[in-house]
Amino acid sequence: MTAEAVLAEPGRAMRLRLGTHATHEKLDKRIMSADPFGGLDRYAAFLRVQHALHSRVDRYYLDPQLEALLPGLSTRRRLDSVLKDFEDVSGELPVPAVEVDEPVDVPTALGWLYVVEGSNLGAAILLKTATKTLGLSETFGARHLVGHSDGRALHWRNFTAALDAVSLQPEEDVRAVEGARQAFAFVYDLVEREMPLA
Ligand code: HEM
């Protein structure tokens, strides 16, 4: 879908969904074909991807400007859970990610946050599989896949309502879609690097 066609759709979260739907599908398929639950070493590779992603966005979760737009944003961080999961599974901490310190562009960051928050929806299935096939749990190895105590769906709806309510200029909305696409491309590259095909 072109950026112009996406912008004609109502609701920012829906526009971001439509603008990245095909990329998401391609990513899901690529991750699953690497058999991430085929053994703890494969799952650790998936956690390295998650670690790099959550490290990349952590400064957005801690940004006061973004927190003002998306109340409670800092409580949604999952980096610490990813670190604990990695330690549970491999007995060590992952290699620290390279830090990005360019200034935060709010619309671009909103696109990235859409992707990372959205990934917690799909995490429901991943948690079930991790529990069943690898014996992991909400308190060992699969903490970062756990849903919020309010329920995943409500937690997501609260996020998308706040995201929809942010006032942006049309050119900023284009940057939000680009941010979400960058985030998916970033994850795809990581998967290619860390998760060889099974
Ligand atoms: C780090 C990797 C991943 C990222 C960044 C990601 C991102 C996202 C995003 C942004 C959404 C929300 C879409 C919306 O607007 O409704 C989503 C939903 C979803 N994802 Fe993923 N995803 C990832 C991995 C996976 C994997 C491996 C699967 C497994 C097959 C998966 C399955 C799903 C499903 C089923 C939903 C929809 C859930 C629902 O509507 O209830 N995702 N994901």
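This report walks through the core, the iron site, the empty spaces and a few single residues of a predicted model.

## Ground rules

Since the model is predicted, local features need pLDDT of at least 70 and side-chain atom pairs count only at pLDDT 80 or more, while totals for chains, interfaces and linings use all residues. Residues are numbered from 1 along each chain as its sequence is written, and side-chain values use heavy atoms, with hydrogens and water left out.

Helix numbers come from DSSP runs counted from the N terminus (H or I, at least four residues, for helices; E, at least two, for strands).

## The nonpolar core

Let's start with the inside. The largest nonpolar core has 54 residues. A nonpolar core here is a set of buried Ala, Val, Leu, Ile, Met, Phe, Trp, Tyr and Cys residues joined through side-chain atoms within 4.5 Å, and buried means under 20% relative accessible area, with exposed over 50% and partly exposed in between (1.4 Å probe, protein chains only). The members that touch the most others are Tyr 43, Leu 66, Leu 70, Leu 110, Leu 113, Leu 163 and Met 195. Six helices each put in at least two residues: helix 2 (12-33), helix 3 (40-61), helix 5 (79-90), helix 6 (106-134), helix 7 (152-165) and helix 8 (170-194). Helix 6 gives the most, with 13 residues.

Leu 70 makes a handy example. Skipping neighbours within four places in sequence, Leu 70 is in contact (heavy atoms within 4.5 Å) with Leu 110, Leu 113, Phe 159, Ala 162, Leu 163 and Val 166.

## Iron and the largest pocket

Now for the metal. His 24 sits in helix 2, and its NE2 atom, at 2.2 Å, is the only protein donor of the ligand's iron atom. Donors are N, O and S atoms within 2.8 Å of the metal (3.2 Å for Na, K and Ca), and water is not among the atoms, so sites may look incomplete.

His 24 turns up again in the largest pocket, where it is among the lining residues closest to the centre, along with Asp 28, Gly 118, Ser 119 and Gly 122. That pocket holds about 730 Å³ of space and is lined by 29 residues. Helices 2, 3, 6, 7 and 8 each give two or more residues to the lining, and helix 2 has the largest share, 10 residues. By class, the lining splits into 18 nonpolar, eight polar and three charged residues. For those classes, Ala, Val, Leu, Ile, Met, Phe, Trp, Tyr, Cys and Pro count as nonpolar, Asp, Glu, Lys and Arg as charged, and the others, Gly among them, as polar.

## A second pocket and a cavity

The second largest pocket has about 540 Å³ of space. Its lining has 22 residues, with Ala 52, Ser 55, Pro 96, Ala 97 and Val 98 nearest the centre. Helix 3 and helix 8 each supply two or more of the lining residues, helix 3 having the largest share with six. The class split is 11 nonpolar, two polar and nine charged.

A search of the whole structure turns up one cavity of 30 Å³ or more, with a volume of about 50 Å³. Arg 76, Glu 117, Asn 120, Leu 121, Arg 152, His 155 and Trp 156 line it, and helix 6 and helix 7 are the elements giving two or more of these. Three of the lining residues are charged, two polar and two nonpolar.

As for method, the search uses a 1 Å grid over the protein atoms alone: a cavity is a set of points where a 1.4 Å probe fits but cannot get out, a pocket is an open set with protein on both sides within 12 Å along at least five of seven lines, and lining residues have an atom within 4 Å of a point. Grid points are joined across faces, edges and corners, and a volume is the space filled by probe spheres set on the points.

## Two phenylalanines in helix 8

Phe 184 is in helix 8 and counts as buried because its relative accessibility is 7%. Beyond four places in sequence, Phe 184 contacts the iron donor His 24, plus Thr 20, Thr 23, Leu 27 and Val 115. Its C-alpha is 9.9 Å from that of Gly 111, 73 residues away along the chain.

Phe 186 is also in helix 8, but at 26% relative accessibility it counts as partly exposed. Leaving out residues up to four places away, Phe 186 touches Ala 52, Leu 53, Arg 56 and Trp 112.

## An odd phi

Most residues other than glycine have a negative phi. Asp 35 is not a glycine, yet has a positive phi of about 50°. Asp 35 lies in the loop between helix 2 and helix 3 and, at 35% relative accessibility, counts as partly exposed.
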